[in-house]
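Reader: Hi, I'm new to this one and would like to go through it slowly with you. Could you put it up so that we can both look?

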Amino acid sequence: MSERDDLHLATWLSAAFGGADGSVTPPIHQTSLFTFGSYREFEDRMAGRTANAIYTRVQNPTVAAFEAMMARAEGGEAAVGFASGMAAISSTVLAFLKPGDRVACVEHVYPDSYRLFERLLRPFGIDVAYHPVSAFEEDADLLRGVRLAYLESPNSVMFQPMNLPRVAAHARRHGTLTVIDNSWASPVLQRPLELGIDIVLHSASKYISGHSDTVAGVTVASRELIGRLRDLTLPLLGAKLAPFEAWLLVRGLRTLEARMRQHQATADLFVDRLSRHPEVTRIHSPGANTVPGLTGRSGLLSFELSEAVDIPRFADALRLFRLGVSWGGFESLILPASAGLAQAGEQNSMQRFGVPARLVRISLGLENADDLWADLETALGKSAA
Ligand SMILES: *Cc1c(COP(=O)(O)O)cnc(C)c1O
């Protein structure tokens with residue numbers, strides 16, 4: 001595919017990986033192992049002289065098709081698929097950390113990433129400190145002695161964007177490895193590797209899939225950094241992407257750009273109308289060029305409601321927006337922070353980082369934007385005192 005780099009993203013995502021028989025989708029290699037025709041072939045493969053697949057925990061052609069598309073979409077040299085976004089996150093950071101290392105993480109990070117750091121990594125002697133976006137941008141010495149900076153831009157729930165080229169420059173000065181969760185923007189709206197970030201990863205369950213029918217993850221970086229994941233955490237933690245899920249993700253990628261443009265148009269309309277609604281006190285939704293390299297608004301945003309609105313009543317009055325976690329699919333969803341804040345357990349990052357109780361997050365799907373707005377406006381009218 002690399003000889004066609006002049007083509008736009010949507011064009012080559014549409015053209016990539018048909019079958020040898022003329023089929024326009026890749027075959028699903030639903031097999032655990034691959035056999036060899038001779039002792040010599042087997043020996044050559046084990047010695048690393050050839051590269052064909054041996055066993056699906058480490059290599060599978062359908063998974064490889066997805067990985068190649070993701071690597072190119074993010075402008076990276078290589079990619080590796082995982083069973084979930086959390087598998088991508090854990091398998092990525094564990095490949096580079098050892099006891100005694102320090103991690104700097106952005107505040108309002110995805111709640112399960114926070115729990116990974118607090119409940120799994122900290123007991124193994126890895127120290128994680130959390131900093132606001134402004135500290136990463138403005139404190140040139142924040143990353144001194146830090147092995148890995150774990151970033152999201154924008155971050156979760158509050159959607160605060162970060163100046164990635166500036167943070168990448170600080171990190172380079174201190175030899176800190178930078179990892180970013182790019183699930184919110186997708187490579188359509190932001191390509192962090194081109195902004196100087198070392199490793200980009202996704203919950204592919206969201207926009208990459210786009211159809212709310214699979215849980216998966218992927219990490220993209222240089223051949224060298226991905227090589228370390230392939231050598232250590234992919235085979236040894238074993239959280240591989242399944243061939244059928246990879247096939248669904250290839251299907252999702254075909255329409256990624258068209259879907260992102262639609263999500264963006266609906267989000268632009270919502271931000272415009274929300275900003276003029278009397279019961280909306282604040283909107284959290286970074287738009288195009290808020291920070292360098294961010295080229296648009298995705299469909300995941302949050303806003304705060306005045307005291308006049310009964311939030312449970314508002315949520316129950318919606319007909320098109322459904323209550324649920326996750327996001328990035330064709331369907332519109334609402335997630336009131338007050339319900340998330342009520343989540344039991346000692347490691348609730350929303351409480352720690354101070355999410356406003358009057359905040360609601362919405363994921364704008366692919367429905368007609370005017371239908372969605374009418375639904376939200378009607379529900380607000382029914383629930384405001
Ligand atoms: C959903 C999500 C994850 C976790 O991904 P899974 O596929 O559910 O494991 C990580 N980061 C962000 C920003 C997410 O929204």
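Reader: Let me start with Glu74: is it buried or exposed, and which side chain of opposite charge is nearest?

Author: This is a predicted model, and in it Glu74 is buried yet takes part in no salt bridge, the nearest side chain of opposite charge being Arg191, 5.8 Å away. A salt bridge here needs a side-chain nitrogen of Lys or Arg within 4 Å of a carboxyl oxygen of Asp or Glu.

Reader: Where is Glu74 found, and what does it touch?

Author: Glu74 is found in the loop that runs between helix H3 (61-73) and strand E1 (78-82). Leaving aside residues up to four places away in sequence, Glu74 touches a set of residues including Asn182, Ser186, Pro187, Gln190 and Arg191, and that set also includes Pro192, Leu193, Val200, His202 and Val220.

Reader: OK, so which charged residues do pair up, and how many salt bridges are there?

Author: The count comes to 14 salt bridges, and one of them joins the side chains of Asp112 and Arg115, with 2.6 Å from N to O. Both Asp112 and Arg115 lie in helix H5 (residues 111-121), three residues apart, which is about one turn of the helix.

Reader: Are those two buried or exposed?

Author: Asp112 counts as partly exposed because its relative accessibility is 32%, whereas Arg115, at 16%, counts as buried. The cut-off that matters for this pair is that buried means under 20% relative accessible area.

Reader: And what about the rest of H5, how many of its residues are buried?

Author: H5 is mostly covered, with eight of its 11 residues buried. Among the buried residues of H5 are Pro111, Ser113, Tyr114 and Leu116, and also Phe117, Glu118 and Leu121.

Reader: What do the buried residues of H5 pack against?

Author: They pack against two helices and three strands, namely helix H4 (85-94) and helix H15 (349-353), together with strand E2 (102-106), strand E3 (127-131) and strand E4 (148-152).

Reader: Back to salt bridges: which parts does the one between Arg251 and Asp213 tie together?

Author: The side chains of Arg251 and Asp213 meet with 3.0 Å from N to O. Arg251 lies in helix H11 (residues 243-254) and Asp213 in the loop between strand E6 (199-203) and strand E7 (217-221), so this pair ties together parts that are 38 residues apart in sequence. Arg251 counts as partly exposed, at 27% relative accessibility, and Asp213 also counts as partly exposed, at 37%.

Reader: And Asp370 with Arg273, how far apart in sequence are the parts that this pair ties together?

Author: The side chains of Asp370 and Arg273 meet in a salt bridge of 3.4 Å, N to O. Asp370 lies in helix H16 (residues 369-383) and Arg273 lies in helix H12, so the parts tied together are 97 residues apart in sequence. Asp370 is partly exposed, with a relative accessible area of 45%, and Arg273 counts as partly exposed at 27%. Elsewhere, salt bridges that share partners join Arg40, Asp44 and Arg49 into one network.

Reader: Changing topic, where is Glu224, and how far is its C-alpha from that of Ala78?

Author: Glu224 sits in helix H9 (residues 223-231) and counts as exposed, at 68% relative accessibility. Although Glu224 and Ala78 are 146 residues apart along the chain, their C-alpha atoms are separated by 8.7 Å.

Reader: What about Ala258 and Leu318?

Author: Ala258 and Leu318 are 60 residues apart in sequence and 26 Å apart in space, going from C-alpha to C-alpha. Ala258 is in helix H12 (residues 256-274), and Ala258 is exposed, with a relative accessible area of 56%.

Reader: Last one, stepping back: what does the radius of gyration say about the whole chain?

Author: For 385 residues a compact globule would have a radius of gyration near 21 Å, and the chain has 22 Å, which agrees. The chain holds 16 helices and 12 strands, and 54% of its residues count as buried. Among contacts between residues at least 6 apart in sequence, 73% join residues at least 24 apart.

Terms used:
Residues are numbered from 1 along each chain as its sequence is written. This is a predicted model: local features need pLDDT of at least 70, side-chain atom pairs count only at pLDDT 80 or more; totals for chains, interfaces and linings use all residues. Side-chain values use heavy atoms; hydrogens and water are left out. Helices (H or I, at least four residues) and strands (E, at least two) are DSSP runs, numbered from the N terminus. The radius of gyration is taken over C-alpha atoms; the globule rule is 2.2 Å times the number of residues to the power 0.38. Buried means under 20% relative accessible area, exposed over 50%, partly exposed in between (1.4 Å probe, protein chains only). Contact means heavy atoms within 4.5 Å. Lys and Arg count as positive and Asp and Glu as negative; His and the chain ends are not counted.
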